[in-house]
Amino acid sequence: MEYASPTYHKITSYDRRAMEPHAMDWRHQPAFYKVYEGVETVGLTDSESLYAKSLEAVCLSKDQGTFNGVINPTDLSKILLLAGGLTGRQHQAGQDFYYRSSPSAGALYPNEIYFAWMAGAGLESGIYHFGVHNRRLSLLRPGNFQKIMKSATNDASPDLSAVFMITAIFFRSAWKYRKRAYRYVLMDAGHLMENLRLALNAAGIASTLTYDMDDAALDGLLGVDTAREGILGCVSVYGRASGNDVVEPKTVAALPESIRVASRVSDAEIFYPEITGIHEAGRNIKGDFSNEAPGMPSGGVHDRSVHRIIGISGSPYKALDTILSGSSPGSDAAMMAGLGVMPESWQPLEARPLDAGGGNGVDHGAGMQPVMDYVKAVIRRRSRRNFTDLPMHRVELFYMLDLLCRAVKEPETGRDRAYASSVVTGFLAGNVDGVESGFYLLDSDRQCFGRVAAGVMTPQMSRVCLDQEWLARAAVHFLFMSRLPDLDARWGARGYRYAMMTAGRLGQVVYLGATALWLGCCGIGALYDHEARDLLGLSPESALLYLVAAGPVKGFDRHA
């Protein structure tokens, strides 16, 4: 079978009339943590203070040219904690359960964080793995790998000082979700990459994310078992380092088998051909990045000195200009046109008189509570689903929509901008003071929104989401959608990664925005796919990829 975005999505769709029974094999539950035997480790420093910035400030980094920070081991420790570290503990069923800063479908945490360190500052240059369970770094390869990382990530910057690499161990999610699991490992990778982006912004350190890297080269550099684990994305970090005169190795030898076997997380792993098929199909990069910055080859070298984005030449969506006049090149306008739904009119987002730690705040029955700052939102984020019948306030909805607009405006290159254009954001307003109920689309580029259909649709959507009744009480359902054939036409099978990871990135913004407002939030990837499409009125080849519900919940306030 030749795998493509529509193919994989179709064969992993849920149908309420054809659900396959599945029992969890608890005796062979995958290990939560990746552990290397006989590998040198380095402990991360503990920091008493993190970054005192608002979530709004770290969500938008269009002015990264003003960032002059250089990553050091202290910042590295903070960034790893905020990206994917342990943030809480709860005793359940006779054992401790640990919360993390990044959410995960089914709390299975399939993703791993590695990084190439070229920044010096007292930490030996090399390739490291982050042990989330013990906050120790496993040194897999000593040496300065800057040239190799530049080549593998198509990055020409002379200031490249570190590269974070996100992988997925597929069976961690497939143990529960079987062949559908590739959807979840991609969304979870998006959660994690957004956390990395925000943490680096908070530190004032310039960075850029990419989903386009040489998979084979980086899988080999990390020494993973590619049947079990594979790279999904990178976050490159900039800032001219000092005191790093380590000579780069001329060749890269294969790591020993003891490293490779660490990708195995269970004694009874099952390999799903659907996951292998779509992942292998996506290893090739088809670079239709026609909205890239001038001087950058399609899918080619990234030069951070280039900041301007040029338009899509010969766009087949000229008719959309009459509806979305003024949309920036590389926006989601083309993808929006293919969904099959469009508002008749648009209205701008209003100013949001909310600020972190200031005099403004929100009241959900527990008195006025100031908006949390960025770090508090990360640390206190949980999947909370005990929604009440209280409404969300209009200003809160606009605060969260503004965060989503900031998140997709962040990338500074046309290639990165293309990732954001793989997804269209919408929402179902079910119980929001001052906002009529209905299905809306968000034009992140122009910071405006428009209603597609009127009426309360959240109860119907709760039935679409495997009849999870608690979803009906959520004030808002945020929706992340795409037209699957468009992904393949432009980027090949790798476009599926773009869309699913972008949905995860934006879903994480919703999680943090809701938490900052003392609202509950929970992401949903399990749904009857065709019913979701029909409820929203999407075109036959479009899909709802991810739903994130938000609204007031019981027992969550500043005293809890």
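Buried residues are those under 20% relative accessible area, exposed residues are over 50%, and partly exposed residues lie in between (1.4 Å probe, protein chains only). The model is predicted, so local features need pLDDT of at least 70 and side-chain atom pairs count only at pLDDT 80 or more, while totals for chains, interfaces and linings use all residues. Residues are numbered from 1 along each chain as its sequence is written, and side-chain values use heavy atoms, with hydrogens and water left out.

**View 1. Strand β4 is mostly covered.** Seven of the seven residues of β4 are buried. On one side these are Asn111, Ile113, Phe115 and Trp117, and on the other Glu112, Tyr114 and Ala116. Both faces of the strand are thus covered. Helices (H or I, at least four residues) and strands (E, at least two) are DSSP runs, numbered from the N terminus.

**View 2. An open sheet of seven strands contains β4.** The strand order is β1-β6-β5-β4-β7-β9-β8, with antiparallel pairing. At the edges stand β1 (41–43) and β8 (207–210), each of which pairs on one side only. Neighbouring strands are turned by 25° against each other on average, direction ignored. Axes are lines fitted to C-alpha atoms, for helices over the stretch in contact, and angles run from 0 to 180 degrees between N-to-C directions. Two strands pair if DSSP finds at least two bridges between them.

**View 3. Strand β4 is joined to β7 and to β5.** Seven bridges link β4 (residues 111–117) to the antiparallel strand β7 (residues 160–169). Glu112 has Thr167 of β7 as its bridge partner, and Tyr114 stands opposite Met165 in β7. The antiparallel pairing of β4 with β5 extends over four bridges; here Tyr114 stands opposite His129.

**View 4. Helices α6 and α7 pack against the sheet.** Helix α6 (residues 181–203) lies across β4, β7, β8 and β9 (229–238), running at about 15° to β9. Helix α7 (residues 215–222) touches β4, β5 (126–131), β6 (136–142), β7 and β9, and its direction makes about 90° with that of β9. Contact means heavy atoms within 4.5 Å.

**View 5. Cys405 and Cys521 are in no disulfide.** The structure holds zero disulfides, a disulfide being a pair of cysteine sulfur atoms within 2.5 Å. For Cys405, the nearest cysteine sulfur is that of Cys448, 8.2 Å away. Cys405 counts as buried because its relative accessibility is 1%. For Cys521, the nearest cysteine sulfur belongs to Cys522, at 7.3 Å. Cys521 likewise counts as buried, at 1% relative accessibility.
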